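Colleague: Before we discuss this chain, I should be grateful if you would put the model on display and take me through it.

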Amino acid sequence: MRPIARAVFLDRDGTLIRDKKYAYRPEEIELLDGVLAGLRTLQQADFRLLVITNQSGVARGLFEEEDVRAMHRYLRELLLHDGVGISGFYYCPHHPDGCVPAYAFRCQCRKPEPGLILRASLEHGISLPDSWLIGDFVTDARAGLAAGCNTILINNGPYAIDDPAVGSLTMVARDFTHAAKIILDHEIGEDDDVQPSRYRAKVHSAAGTGSRRFLAGQLLRGHGRAAKP
Ligand SMILES: [Mg+2]
Ligand SMILES: [Zn+2]
């Protein structure tokens, strides 16, 4: 029987590397703080690492698919140099408003659609309910939720989580280090408070009280307990 693997699906821009808006040159890659160490701990906990990224710059005529692939080869090498292996890079080159006809359509792979996550999970034998998505946009969380993963939004930029429907279902992290810790604490399983299903129930029961802050508060309290030996 084929063993079932689990994964952490990783948004690229704004999650792993600094979001420089349509960056496509390897020299523009700037790993964000905590990413290397966080990825290493997730890898040690036996999660496959799969990058899931929207690259509409291709549809917009700003760069080509080969540029995206070259950047991903570079990023793979950069991380491998520090002992982190990315199992796969999946990108969506499309956008309905693009100017390159071959890519200018509404696809099933651009987040918030779950297409890339579903494809990656099939190709790598991933169990989605046992897997996680980390991203910095609400569209990342929507894609992860649509695919049936646990999701974590890193609230690190100008993109506030202003959608209560998503906010009530996703966990919120301060940065990548915090996101990795949420996953590993959940892994230890010492604290029921960090079970996503429990979160959902609690957050729904607290409707109207500011679900995002509530969720974050629960998380931090959960950490305190989960951290004990
Ligand atoms: Mg992003
Ligand atoms: Zn697409």
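Colleague: Let us begin with Leu116: which residues does Leu116 touch, not counting residues up to four places away in sequence?
Modeller: This is a predicted model, and in it Leu116 sits in helix α3, which spans residues 115–124. Leaving aside residues up to four places away in sequence, the residues that Leu116 touches are Ile52, Tyr90, Cys92 and Cys109.

Colleague: Is Leu116 buried or exposed?
Modeller: A residue counts as buried if 20 or more other C-beta atoms lie within 10 Å of its own. Leu116 has 25 other C-beta atoms within 10 Å, and therefore its class is buried.

Colleague: How far apart in space are Leu116 and Ala143?
Modeller: In sequence, Leu116 and Ala143 are separated by 27 residues. From C-alpha to C-alpha, their separation in space is 9.0 Å.

Colleague: What is the class of Ala104, by its count of other C-beta atoms within 10 Å?
Modeller: Ala104 belongs to the loop between β3 (88–92) and α3. Beyond four places in sequence it touches Ala59, His95, Pro96, Gly98 and Cys99. The buried class needs 20 or more C-beta neighbours and the exposed class 12 or fewer. Ala104 has 16 within 10 Å, so it is partly exposed.

Colleague: Which peptide bond is cis, with omega near 20°?
Modeller: The proline concerned, Pro112, lies in the loop between β3 and α3. The cis bond, with omega near 20°, runs from Lys111 to Pro112.

Colleague: Which residue in the loop between α1 and β2 has a positive phi although it is not a glycine?
Modeller: The loop in question joins α1 to β2 (47–54). The residue has a positive phi of about 75°. It has 9 other C-beta atoms within 10 Å, so it counts as exposed. The residue is Asp46.

Colleague: What is the phi of Lys21?
Modeller: Lys21 is placed in the loop between β1 (6–10) and α1. With 8 C-beta neighbours inside 10 Å, Lys21 is classed as exposed. Although Lys21 is not a glycine, its phi is positive, at about 60°.

Colleague: How are α1 and α6 oriented to each other?
Modeller: The axes of α1 (residues 35–44) and α6 come within 8 Å and cross at roughly 15°. The contact involves Val35, Ala37, Gly38, Thr41 and Leu42 from α1, and Phe176, Thr177, Ala179, Ala180, Ile183 and Leu184 from α6. Angles under 35 degrees count as roughly parallel. The two helices, α1 and α6, are therefore roughly parallel.

Colleague: Which helix gives the most to the largest nonpolar core?
Modeller: That core has 47 residues, and those with the most contacts inside it are Val8, Phe9, Ile117, Ile152 and Ala179. Five of the core residues come from the helix that gives the most, which spans residues 176–188 and is α6.

Colleague: Which residues does Val8 touch beyond four places in sequence?
Modeller: Val8 is among the residues with the most contacts inside the largest nonpolar core. Beyond four places in sequence, Val8 touches Leu42, Phe47, Leu49, Ser131, Trp132, Ile134 and Ile183.

Colleague: Over which residues does pLDDT stay under 50?
Modeller: The protein chain averages a pLDDT of 83, and 78% of its residues score at least 70. The stretch under 50 has 48 contacts beyond four places in sequence in the model, and it covers residues 191–229.

Definitions and conventions
Residues numbered from 1 in each chain as written. Chains lettered and ligands numbered in written order. Predicted model: local features only at pLDDT ≥ 70, side-chain atom pairs only at ≥ 80, totals over all residues. Core = buried A, V, L, I, M, F, W, Y, C linked by C-beta atoms within 7 Å. Helix = DSSP H or I, 4+ residues; strand = E, 2+ residues; numbered from the N terminus. Contact = placed C-beta atoms within 7 Å. pLDDT = per-residue confidence, 0-100. Axes fitted to C-alpha atoms, helices over the stretch in contact; angles between N-to-C directions. Parallel < 35°, antiparallel > 145°, perpendicular 65-115°, else oblique.
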